[in-house]
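Hello,

Here is the structure we talked about. Please open it first, then read my notes below.

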Amino acid sequence: MAEIKCVELCKTYRQGDAIIKALDHVSLDIEQGAFICLSGPSGSGKTTLLNMIGGLDALDSGEISIDGQRVDLLEKGALADLRLHHIGFVFQSYNLIPVLSARENVEFVMQVQGVPAAERRRKSMAILEEVGLKDMEGRRPSQLSGGQQQRVAVARAIVSQPKLVLADEPTANLDSVSAKHLMELFVELNQNHRVTFLISTHDERVMRYAQRLVRMRDGKVVSDEIQISD
Ligand SMILES: Nc1ncnc2c1ncn2[C@@H]1O[C@H](COP(=O)(O)OP(=O)(O)OP(=O)(O)O)[C@@H](O)[C@H]1O
Ligand SMILES: [Mg+2]
């Protein structure tokens, strides 16, 4: 699920006297079940685009719809609902809750969703095992390495099977074995559960998995290519 249409997105930031065009008339159609990598130099607008699609920040102009629903017109409550039930975020900084254990962090979203405790526990344990953290469920973020924290963040994002996953540099702190596992997990979710993926990355190991590679520069989409996998 999840078909996304972005039309002429613009977002500027002001830094002192300078005006930065973080998104400069970006249009992008993301088909249902897509697996797209977004690449481009630092500062090209990748994170900004993910944040806009996820409704985390407001556009200056343009339109975004997810499954026909205009995200940019939703009011706060409806937007929070959409994020809670349908979108999984994996951020560049993991945004884990420091006082909660790995398992509690993964369960947190399900708790807000009202999932019963036994089901939360079962699902969080299964997903932690899948990301290779079975024995670390009781540790707090400060007791985990960067890569392990990243995997907790990924587990949290995908545990309730959102229809769209927005991942910002998900492998930035992972060794190559973990990066490979993570990408295989994403591909599995994409193929077997039709989860749509939009992944920003500098990582060639990640781009290899993309069905479609979108490159950005200076807030613009400069190329958009279907990749044939080998
Ligand atoms: N909150 C902000 N205030 C001011 N400028 C910002 C803000 N967020 C982003 N920018 C600027 O907007 C531009 C796009 O930033 P963005 O974070 O989207 O790039 P990116 O492609 O994700 O880069 P990276 O690969 O380094 O993560 C950059 O020039 C950045 O400095
Ligand atoms: Mg970024």
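Strands E7 (residues 164-168) and E8 (residues 196-200) run parallel, joined by five bridges. Strands are DSSP runs labelled E, of at least two residues; helices are DSSP runs labelled H or I, of at least four; both are numbered from the N terminus. Two strands pair if DSSP finds at least two bridges between them. One partnership to look for: Asp168 bridges to Ser200 in E8. Between E7 and E8 the chain passes through helix H6 (residues 176-193), and this β-α-β crossover is right-handed. That term means that, with the strands pointing away from the viewer, the path from the first strand over the helix to the second runs clockwise.

This is a predicted model: local features need pLDDT of at least 70, side-chain atom pairs count only at pLDDT 80 or more, and totals for chains, interfaces and linings use all residues. Residues are numbered from 1 along each chain as its sequence is written, while chains are lettered from A and ligands numbered from 1 in the order in which they are written.

E8 also pairs with strand E3 (residues 35-39), in the parallel sense, over four bridges. There, Phe35 has Phe197 as its bridge partner.

Five of the five residues of E8 are buried, so the strand is largely enclosed by the rest of the structure. Buried means 20 or more other C-beta atoms within 10 Å of the residue's own, with C-beta atoms placed from the backbone. Thr196, Leu198 and Ser200 point one way from E8. Phe197 and Ile199 point the other way.

Now ligand 1. Helix H1 (46-53) gives the largest share of its shell, three residues.

Best wishes

Terms used. A residue is buried if 20 or more other C-beta atoms lie within 10 Å of its own, exposed if 12 or fewer, and partly exposed in between; C-beta atoms are placed from the backbone.
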